[in-house]
Amino acid sequence: MKKIVLSVITVMTFAMGYAETTESNRINRQPVNYDMSFDMHRLAAKLDLDANQMEAVQVIQDCFNDEVQDAATSRGLQRRHLIHQAVRKDAHQMRQVLNDEQFDTYMMLLGVTLRNKGL
């Protein structure tokens with residue numbers, strides 16, 4: 001009887017240790033994809049951009065993608081803060097380039113993209 005109880009305790013200890021390890025891996029796991037580049041032709045068609053807007057949006061998107069890639073090297077709250085800053089800067093710059101309707105559509109697309117990527 002004593003051996004059975006000790007065996008059950010040992011199995012439970014290993015199971016709890018494994019569960020703790022997988023839980024900590026799940027919490028500390030980084031999203032795999034920090035690439036925030038858009039297909040500019042699809043974005044231009046969706047937002048109905050003219051040539052000048054398309055060029056400005058391309059520059060803003062490249063800068064935003066670089067900032068998010070830089071944030072990927074950080075950990076925890078620092079990463080969240082850097083991503084939040086990058087999104088706010090991107091939104092501010094896009095607000096200057098796009099009209100209200102285009103900006104609303106862009107923010108909807110950006111929000112969905114961030115949510116899908118786990119950012």
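# A pocket, two salt bridges and a helix

Helix α2 supplies three residues to the lining of the second largest pocket, the largest share from any element. Here a pocket is an open set of points on a 1 Å grid over the protein atoms alone where a 1.4 Å probe fits, with protein on both sides within 12 Å along at least five of seven lines, and lining residues have an atom within 4 Å of a point. The model is predicted, so local features need pLDDT of at least 70 and side-chain atom pairs pLDDT 80 or more, while totals for chains, interfaces and linings use all residues. Residues are numbered from 1 along each chain as its sequence is written, and side-chain values use heavy atoms, leaving out hydrogens and water.

Back to that pocket. Its lining is made up of Phe38, Asp39, Arg42, Leu43, Lys46, Leu109 and Thr113. Two helices (DSSP runs of H or I, at least four residues, numbered from the N terminus) give at least two lining residues each: α2, running over 40-47, and α5, running over 100-117.

Now for the charged pairs. You'll find two salt bridges in the structure (a side-chain nitrogen of Lys or Arg within 4 Å of a carboxyl oxygen of Asp or Glu).

| Salt bridge | Closest N and O atoms |
|---|---|
| Glu67 and Lys89 | 2.8 Å |
| Asp100 and Arg95 | 2.9 Å |

The Glu67 and Lys89 pair ties together distant parts of the chain: Glu67 sits in α3 (residues 51-71) and Lys89 in α4 (residues 76-97), 22 residues apart. How open are these side chains? Lys89 has a relative accessible area of 37%, so it counts as partly exposed, the class between buried (under 20%) and exposed (over 50%), with a 1.4 Å probe and protein chains only. In the other pair, Arg95 is partly exposed too, at 39%, whereas Asp100 reaches 53% and counts as exposed.

Helix α4 is worth following from end to end. Its 22 residues should span 32 Å at 1.5 Å a residue (times one less than the number of residues), and the C-alpha atoms at its ends are indeed 32 Å apart.

Which residues of α4 are buried? They are Arg79, Ile83, Ala86, Val87, Asp90, Ala91 and Met94. These residues lie on the same side of α4, because they cover an arc of only 135° around the axis (taken from the directions to the C-beta atoms). An α-helix has 3.6 residues a turn, so residues three or four places apart point the same way. Turn α4 around, and the face away from its buried side shows the exposed residues Leu77, Arg88, His92 and Gln96.
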